[in-house]
Amino acid sequence: MSTRWIFTVAEMISFATEVRSQTKTLALVPTMGALHEGHLSLVRQARIQCDVVVVSIFVNPAQFSPTEDFARYPRNPEKDFELLESAKVHAVLAPPVEEVFPAGFSTFVDPGHIATVWEGAQRPGHFRGVATVVLRLFNIVRPDIAFFGQKDFQQVVIIRRLVEDLNLPVRIVVCPIVREADGLARSSRNVYLSAEDRRAAVLLSRSLKRAEGLAQSGEADVETLLAEIRRMFAAEPRLQLDYAGIVDPATLEPVTHALPGSIALVAARLGKVRLIDNLIFGPPGSSPEMKLQLALTAPQPDRESPATPRPEIDSLRLKIENCRDCAAVSSVSLPAREFLFKYLKQDYPNLDVIRVLVIGGCAPMGPSDSPYRHPEQPNPFSTRLYELLGVRDFAEFKASFALTDAARCHAVGNRVDERTLEYCAKHLREELKLFPNVQTIVILGEYAYLQFQRHILGRERTSIKAFPELLKTEGWAQESVQLPCYGERDVRLLYCYHPTFENKRSPSVAAYLGSKP
Ligand code: AMP
C-alpha cells in the first residue's frame with residue numbers, strides 16, 4: 001500500500017466517498033505537521049481502530065493571531081510524509097490555505113465561553129479558528145472517528161462540545177500525552193528551544209508531577225498545590241508562567257479541591273517559544289489511559305437531560321453513536337451507522353408492545369451478523385435465539401421481543417473488558433426506558449450477566465455468583481427484581497447461555513416468558 005498525497009478538497013471528498021462506498025471505517029487525524037511521536041501515537045491508534053486512515057497537515061492561519069508564530073511555525077513536509085508512509089497511513093491531506101479558506105470564506109464557529117478561558121484568554125480567537133477548521137475538515141473527510149491528543153486538553157473539550165452541540169456524526173478518540181524521557185511533552189515547537197531552554201522546559205511536566213504527588217499523598221487543597229507549582233516556576237528565571245490552574249475536566253472551571261479526574265493545566269514561555277502541558281490527577285499507579293478515562297467521563301454540564309421517563313430513540317441513538325466514554329482506549333469494530341437503533345425504528349412501530357427484552361453480548365461484529373439486517377436468512381445466532389425463546393421466525397420474534405446488546409461499539413472478539421461493560425450500561429439504562437411494558441429480560445451470556453448485575457442492579461462484585469455456577473444445574477436461572485426505570489413493579493430476569501459464544505446451550509425458556517412474574 002502506498003500513501004497518497006491529497007492537496008485539494010475535491011480529491012479528498014472523492015477519496016472519502018470511495019472509502020465509504022466500500023463500507024470501510026475512516027479515521028481522521030488532524031495535525032499541523034512537523035510530526036513527532038505524539039502525532040504518531042494518534043496515527044497508530046487510528047490504524048488500530050479504523051480501516052482507512054487520513055492524516056491532515058494544515059498549519060491553520062485562522063488559529064494564529066497576527067502577533068503569533070504562524071510564519072515561523074515549523075514545517076517539514078518531506079519528513080512528515082516519510083513518517084506517515086512508514087506508519088502506513090492511507091492518505092495525507094495537505095491542502096494549501098486557499099483550498100481550506102477560499103476567497104469569500106466568511107463563516108466561523110464560535111465555541112462560546114469555554115474558548116475564552118486558559119489558552120483562549122491568552123490567545124483570543126484561537127479556538128474559533130480551531131473549531132472552524134476542524135468542522136470544515138470533518139465535513140470534507142466525514143470520518144467515523146477523529147483522533148486528538150490530550151496534550152491540547154482544552155481543544156479536546158471544545159471539539160467534544162462542538163460535536164455534541166452540532167450533532168456531528170463523528171466519534172472523538174483522545175490519546176494520552178507522549179513525553180520525552182525526562183517528561184517534557186512532545187511538541188512541534190520543542191525544536192525551537194535552545195539547549196538551556198530545553199533543560200528548563202522540563203519544569204512544566206515536573207511541576208505538574210509534583211502537584212500530583214502532593215495530591216496523592218493527601219494534599220487536596222488546590223491553592224496549596226498551585227502555590228507549589230508557582231514556587232517551582234519562580235525558581236527558574238528562563239520560564240515565564242502564563243497560567244497554572246487545576247480545573248474540572250468537563251467545564252475547565254477551577255476547582256477548590258483536587259479529585260481524581262481533576263486536571264492541572266500550565267502554559268509558559270521560554271523566550272519566544274510558548275509551551276503548554278497538563279496532567280490528570282489519578283489514584284497512585286493509575287495509567288495515563290485510566291486517568292484520561294476518568295477525566296473524559298466526568299459528569300458533563302447539561303449533558304444528561306433531566307430524567308425523562310421515555311427517551312426519544314433518535315436522541316438516544318445519537319448519544320450512543322457519539323458516546324466517547326470509552327473513547328480513550330476503545331477499539332471500534334462496527335461503524336456507528338450499523339447500530340441497532342436503525343432497526344429499532346424500522347421494525348417496531350410501537351415499542352409499548354414489547355414484553356420481553358433480550359440482551360446479547362456484543363453488538364454484531366459485522367452487519368450480516370444482526371438478525372435485524374437479514375430477517376429472511378436467520379444466522380446461527382438468530383436460529384438458536386428463536387429456539388431459546390420458542391418463536392418460529394423474525395415476524396414472531398418482533399411481535400413481542402426486542403434485542404439489544406451489553407456492549408455496542410467497543411468489544412473486539414470475545415473479550416469484553418469491565419470498563420466497556422460499565423460505560424455501555426449507561427446507555428442500556430436509558431434504553432430500558434424505551435420499553436415501558438417490559439416484564440421479562442432475557443440476559444444472554446456471561447458479559448451481559450456481569451453487566452446487569454454490577455451496573456444495572458448495582459451489586460457488589462463479591463456478592464455476584466459466578467456465571468457457570470449460576471447456570472450449572474438447570475442451564476438457566478431466574479430472579480425477580482425491581483428496576484428504578486420501571487418503578488415498583490417486578491421484572492423477571494432470565495439468565496441463559498449465549499446462543500453462540502458459549503459451548504453450552506440453555507433449554508428453551510419459552511414457558512417462562514408469557515406470564516407476569
Ligand atoms: P498539532 O500538530 O500540534 O496541531 O497536533 C495535532 C494533534 O496531535 C493534536 O490533537 C494534538 O493534541 C496531538 N498531539 C500533539 N502533541 C502531542 C503529544 N505530545 N502527545 C499526544 N498527542 C499530541
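Select Leu 270 to begin: apart from residues up to four places away in sequence, Leu 270 is in contact with Leu 193, Asp 197, Ala 200, Ala 201, Arg 238, Leu 239 and Leu 275. The model on display is a predicted one.

**Stop 1: Leu 270 and its strand**

Extend the selection to residues 263-270, which form strand β8, the element that holds Leu 270. Leu 270 counts as buried because its relative accessibility is 1%, under the 20% limit for that class. Next, display the C-alpha atom of Ile 246 as a distance reference: Leu 270 and Ile 246 are separated by 24 residues in sequence and by 22 Å in space, C-alpha to C-alpha.

**Stop 2: Asn 190**

Keep Leu 275 from the contact list of Leu 270 and add Asn 190, which also touches Leu 275. The other contacts of Asn 190, again leaving out residues up to four places away in sequence, are Glu 180, Leu 184 and Ala 185. Asn 190 belongs to the loop that runs between β6 (171-175) and α8 (195-216). Is Asn 190 buried or exposed? Its relative accessibility is 11%, so Asn 190 counts as buried.

**Stop 3: Arg 186**

Remain in the loop between β6 and α8 and select Arg 186. With a relative accessible area of 25%, Arg 186 is classed as partly exposed. Which residues does Arg 186 touch, not counting residues up to four places away in sequence? They are His 36, Glu 37, Gly 38, Lys 151, Val 178, Arg 179 and Glu 180. Glu 180 is also a contact of Asn 190. A distance label between Arg 186 and Leu 35 should read 9.8 Å from C-alpha to C-alpha, for a pair 151 residues apart in sequence.

**Stop 4: the ligand**

Val 178, touched by Arg 186, leads to the ligand, since Val 178 is listed with Met 32, His 39, Gly 149 and Asp 152 as the closest of the 17 residues that surround the ligand. Three polar distances merit display here. A nitrogen atom of the ligand lies 2.8 Å from a backbone N or O atom of Val 178. For Gly 149, a polar backbone atom is 2.9 Å from an oxygen atom of the ligand. For Asp 152, the side chain places an N or O atom 2.6 Å from an oxygen atom of the ligand. The protein buries 93% of the 480 Å² that the ligand exposes when taken alone.

Now colour the elements that each give two or more residues to the shell around the ligand: β2 (26-31), α2 (37-49) and β5 (145-149). The element that gives the most is α2, with three residues. Recolouring the shell by class shows eight nonpolar, six polar and three charged residues.

**Stop 5: the whole protein**

Zoom out to display the 17 helices and 14 strands. Along the principal axes, the C-alpha atoms fill a box of roughly 80 × 55 × 40 Å. The radius of gyration is 25 Å, which agrees with the value near 24 Å that a compact globule of 517 residues would have. Of these 517 residues, 54% count as buried. Among contacts between residues at least 6 apart in sequence, 74% join residues at least 24 apart. Finally, a surface view covers an accessible area of about 22,600 Å², with 53% belonging to carbon and sulfur atoms.

Notes
Residues numbered from 1 in each chain as written. Predicted model: local features only at pLDDT ≥ 70, side-chain atom pairs only at ≥ 80, totals over all residues. Heavy atoms only, no water. Helix = DSSP H or I, 4+ residues; strand = E, 2+ residues; numbered from the N terminus. Buried < 20%, exposed > 50% of the residue type's maximum accessible area, 1.4 Å probe, protein only. Contact = heavy atoms within 4.5 Å. Near = heavy atom within 4 Å. Polar contact = N/O pair within 3.5 Å; in protein donor to acceptor, adjacent residues only side chain to side chain. Areas by Shrake-Rupley, 256 points an atom, 1.4 Å probe, with all protein chains shown as cover. Nonpolar A, V, L, I, M, F, W, Y, C, P; charged D, E, K, R; others polar. Rg over C-alpha atoms; globule rule 2.2 N^0.38 Å.
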